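Reader: I am new to this kind of picture. Could you show me how to read empty space and aromatic rings in a protein model?

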Amino acid sequence: MNKRLFLVFSSWWFTAAISLGLVFSYIYFLFGSSSYDNWAFFVFHTPAGLGLYMGLIVNLLLASVRIVFRRLSPPEIRIETVRAMDAFAELNDVSDDALGKVFDFMRLKGFRCRRENSYVYAGKNRFSFLPGTVLQVGLVIALTASLFSVHVRKSQEVILREGKFMDFPAEKILISSISPDLPPDFLQIGQEDIFRLGNVSAKLQVFDDENRSYVNSRINSFGFPVNIKGVFYRIRGLGITLPVELKRGSSDLNQIVDIDLLPPGRTDTVALSGGDKYMTFALQPEKVIAKGLFKGKQYNLRNLFYHVVLRQDKDKGNEAKADIMEGTTAKIGDDKIFLGKHTFHVKIQYVDDPALIFVYAGMIFILAGIFLMPCRFFWYEKELLAVWDGGLLHMGYREEFYKKWGIQKFHVWLDNLSSGNETAVKKS
Amino acid sequence: MPDLFLTAFRESLQCSVLLALVLFYPAVWEKTLFRTSLLAGVSAAFFVGGIVGFSPSFTGNLLSNETWTFWRYVSELLIFYAGLLFAALSPSATKNREGGYLPFDVLPAALFCLGFFLFFFEARAVGFLAHDVGEMKDNLFGAFVSVLAGTATGFIPIVMLRKYLLKVPLENVFSAASLCITIGALQFAFGGVSEIEKGNILIPVQRNLGGFLDGWRRAVQSLLLISDHPFMDTAFSGLAEYIASDRTAMALTLLFVMGPPLLLLVRIFSSPDPLVGDLRGGAQKRYVVASFRKELVYQTLPVMTVIIILIILLHAVNLTLNPLYEPSPISVTEADHKGILKIPFSGDMSPHSSKEAGNSFEDKKLRKYVYFYGNEQIVFLAMLKPDGSLGVALDECEICRPPDWKSDAKGYSQRGEHLVCKYCMTPIAVSSLNKPGGCNPVPLPFTIEDNSILLRTEDVTDIYKKLQGLEKKGTHF
């Protein structure tokens with residue numbers, strides 16, 4: 001009963017049934033919007049979906065176990081095994097040393113042979129199951145880890161300026177420097193957004209309770225996240241940090257604002273302290289260049305030039321505008337505004353996910369398996385079994401793939417080995 | 001109502017073709033129970049589908065046409081992929097099992113269901129159409145009678161030809177697997193009732209596969225913490241973009257539909273030759289092997305037919321999802337400027353165009369204009385080139401001169417970043433506009449002034465007349 005259950009749950013039919021279940025569930029969600037997201041929720045958060053998902057994991061695992069055991073365990077030396085092969089023959093009137101002849105013949109063909117009194121077993125490419133097994137193992141690891149990751153992952157995004165401490169649940173971190181990889185200028189042409197940054201990196205220090213730094217690391221926007229004590233850090237955004245001074249008469253407002261003005265052309269609105277004023281920023285081009293019918297805007301990204309709108313209400317009314325270079329003062333409505341030299345801030349994604357490392361491991365196995373799979377076109381199992389029983393030599397041959405050619409090959413070998421009279425009972 | 005009659009006739013004729021393939025298969029025809037089950041399924045489909053489509057109380061309360069179309073697609077795909085199931089259950093590609101592939105008790109029900117789904121959705125759509133047309137013409141009874149007559153007429157050929165059809169050796173050509181796949185592919189090709197449902201099944205298949213790939217790609221990127229960013233490069237973003245592209249969706253669609261027939265083909269050709277060792281005489285051995293191989297060739301006929309049908313359908317999908325863009329020509333006249341045709345940069349000829357100068361043509365879309373010269377229409381095009389300059393040319397090729405009966409193949413359309421000659425389908429780089437020769441459109445001299453393109457009418461007509469004067473293909477100016 002257990003063996004039967006094992007065979008059922010490890011069979012490819014079961015895989016097909018589960019896959020069909022997943023397909024039909026996706027088809028169900030096609031009727032609505034965000035079909036993939038709804039389907040993913042079904043798979044990971046509902047009993048039916050979880051049943052299908054975990055059934056797939058169990059099935060793949062058991063299938064791998066079945067295949068490995070079958071391939072590594074010695075074959076059953078029985079006449080029934082011979083008859084179950086792709087092609088077999090029963091030869092009478094053979095010499096006493098028929099098994100020896102078969103043994104020598106198969107060794108010449110490059111097979112690994114084993115001979116006992118009553119049988120010869122010849123096999124080749126015994127470990128050809130490895131690429132498929134690596135792929136399946138990778139799938140099992142990735143699927144299992146993904147399931148855990150979906151449920152246990154804690155992710156947060158924080159904005160950090162240079163030189164600012166941040167208290168995370170586990171530790172205190174400091175961004176000591178930010179390397180934004182910004183070009184000195186940027187020419188924007190037409191409506192296409194071609195502003196791309198290769199890699200934004202930041203130096204990160206982690207402090208313990210006694211404010212001693214015990215980790216120094218560099219986190220990046222490009223590449224994979226950095227793992228510091230089990231927590232993954234990654235840069236997800238780059239923005240500008242700008243000191244702003246607003247004067248009206250004797251009243252003075254000093255504030256450092258974090259604004260998202262990249263790519264150039266984007267605007268951002270911040271509320272000034274006091275809550276009654278809003279300031280909208282945008283980068284102004286240094287010059288406009290015309291070429292043919294194209295008009296390009298050239299932005300200086302070293303010394304930023306801003307277009308500032310000051311208003312009472314966030315969305316409308318009582319606007320005052322100014323175009324101002326950083327490090328200078330300008331009049332804006334009834335106020336005077338001074339913008340200091342900009343620095344940068346980064347948006348850091350902080351992910352606490354113990355399963356993520358296993359997801360990466362699973363992906364590596366999957367890629368390795370995919371890379372190795374093409375070799376299965378020529379690397380596949382071949383086996384021959386010859387059993388001597390009461391004057392009859394039962395000989396069978398099996399190839400994992402290209403069975404037609406394997407059967408033809410067997411009959412050619414048979415002709416070479418046969419002594420003449422044979423009663424051939426061939427598998428249909 | 002002749003249109004309704006013809007529609008019903010067409011749909012029932014298509015159904016009868018599919019029905020004939022199954023009904024006259026010896027394993028089905030020779031058993032009364034199987035035959036009856038299949039015909040009962042078809043009849044039930046006709047009645048139930050017709051009533052569901054025709055009766056307003058059903059029409060109003062049940063699913064919309066789009067949802068019925070969706071379920072028709074699902075049923076056709078199930079029939080198509082049932083071929084794979086039969087191929088997996090069969091011990092060999094050529095031998096048809098005596099007892100069938102399913103337990104005997106299940107077979108009549110399976111045949112009933114097959115007969116039902118061969119015709120149900122079409123019957124519903126025809127019923128719906130009949131009710132619609134009947135209501136419009138205020139003659140529901142007439143519509144009903146037309147549909148009945150058309151449907152009955154569509155089955156006449158199969159009834160009259162049954163004696164001859166029974167003689168066709170279907171069992172030598174079809175296995176259960178290839179029969180399912182053939183029926184599925186023919187259903188894809190026939191489509192639904194075209195008056196209500198447009199397009200073929202592979203279009204939504206490709207769209208939905210593309211949607212799935214995109215969602216999956218985003219989910220994996222989010223899981224691995226390598227999500228895309230609007231302006232910062234991320235790891236494997238190029239690969240992710242490729243995976244979610246139309247090209248990958250098309251490749252997956254190709255694999256999805258071509259997989260079953262190709263697997264069947266491999267299965268057929270990998271069948272080993274029969275064992276003839278116990279036969280006496282070389283001639284008899286050769287005869288047996290030759291007969292077997294001839295049977296294999298016959299078995300490939302339906303599979304090859306399916307492959308050809310699918311290739312045609314995939315080509316139609318590609319054309320639908322990557323259409324040629326061809327704007328309607330805008331009329332230009334000399335107006336206040338005698339001898340000059342003036343086209344403002346906005347491309348919009350209306351005097352109240354709100355587009356600012358400098359924003360024109362930046363969408364990089366092809367624009368066409370027509371100047372009426374006597375009884376003739378001179379069509380020319382304008383487009384922004386990658387270097388920011390304008391290209392202006394006649395909408396005619398020096399080389400390709402389609403015949404008068406195919407005049408709509410004259411000129412150019414746009415596909416992506418190329419112009420395409422509609423007659424020879426040669427893609428032409430936009431950067432080569434204004435350059436004469438080859439498959440390029442014949443350039444026109446122009447100037448730019450006051451934010452407008454200016455062409456001398458005399459230049460346009462002279463070049464046009466010279467082009468029309470060319471008698472031979474390939475003759476250059």
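Author: Happy to help; we will go through cavities and then rings, keeping in mind that this is a predicted model.

Reader: How many cavities of 30 Å³ or more are there?

Author: Here is the general idea: rolling a probe the size of a water molecule over the atoms shows where empty space is left. In this structure, the count comes to 4 cavities of 30 Å³ or more. The largest cavity holds about 100 Å³ of space.

Reader: Which residues lie nearest the centre of the largest cavity?

Author: Look for A:V94, A:A98, A:K101, A:L393 and A:L417, which belong to a lining of 11 residues. By type, that lining divides into 7 nonpolar, 3 polar and 1 charged. Helix 6 (98-108) and strand 23 (392-399) of chain A each supply at least two of the lining residues, and the largest share, 3 residues, comes from helix 6 of chain A.

Reader: Now the rings, please. How is a pair of aromatic rings described?

Author: A pair is described by the distance of the centres and the angle of the planes. Over all chains, the structure holds 44 aromatic pairs. Take B:F80 and B:Y81: their ring centres are 5.4 Å apart and their planes stand at 80°, over the 60 degrees that the label needs, so this pair is edge-to-face.

Reader: Are B:F80 and B:Y81 buried or exposed?

Author: B:F80 counts as buried, at 0% relative accessibility, while B:Y81 is partly exposed, at 22%.

Reader: Which residues form an aromatic cluster?

Author: In chain B, one cluster is formed by B:W68, B:F112, B:F116, B:F117, B:F120 and B:F121.

Notes. Residues numbered from 1 in each chain as written. Chains lettered and ligands numbered in written order. Predicted model: local features only at pLDDT ≥ 70, side-chain atom pairs only at ≥ 80, totals over all residues. Heavy atoms only, no water. 1 Å grid on protein atoms, 1.4 Å probe; cavity = no way out; pocket = protein on both sides within 12 Å on 5 of 7 lines; lining within 4 Å. Points joined across faces, edges and corners; volume = space filled by probe spheres on them. Helix = DSSP H or I, 4+ residues; strand = E, 2+ residues; numbered from the N terminus. Nonpolar A, V, L, I, M, F, W, Y, C, P; charged D, E, K, R; others polar. Phe/Tyr/Trp six-rings, centres within 6.5 Å; stacked < 30°, edge-to-face > 60°. Buried < 20%, exposed > 50% of the residue type's maximum accessible area, 1.4 Å probe, protein only.
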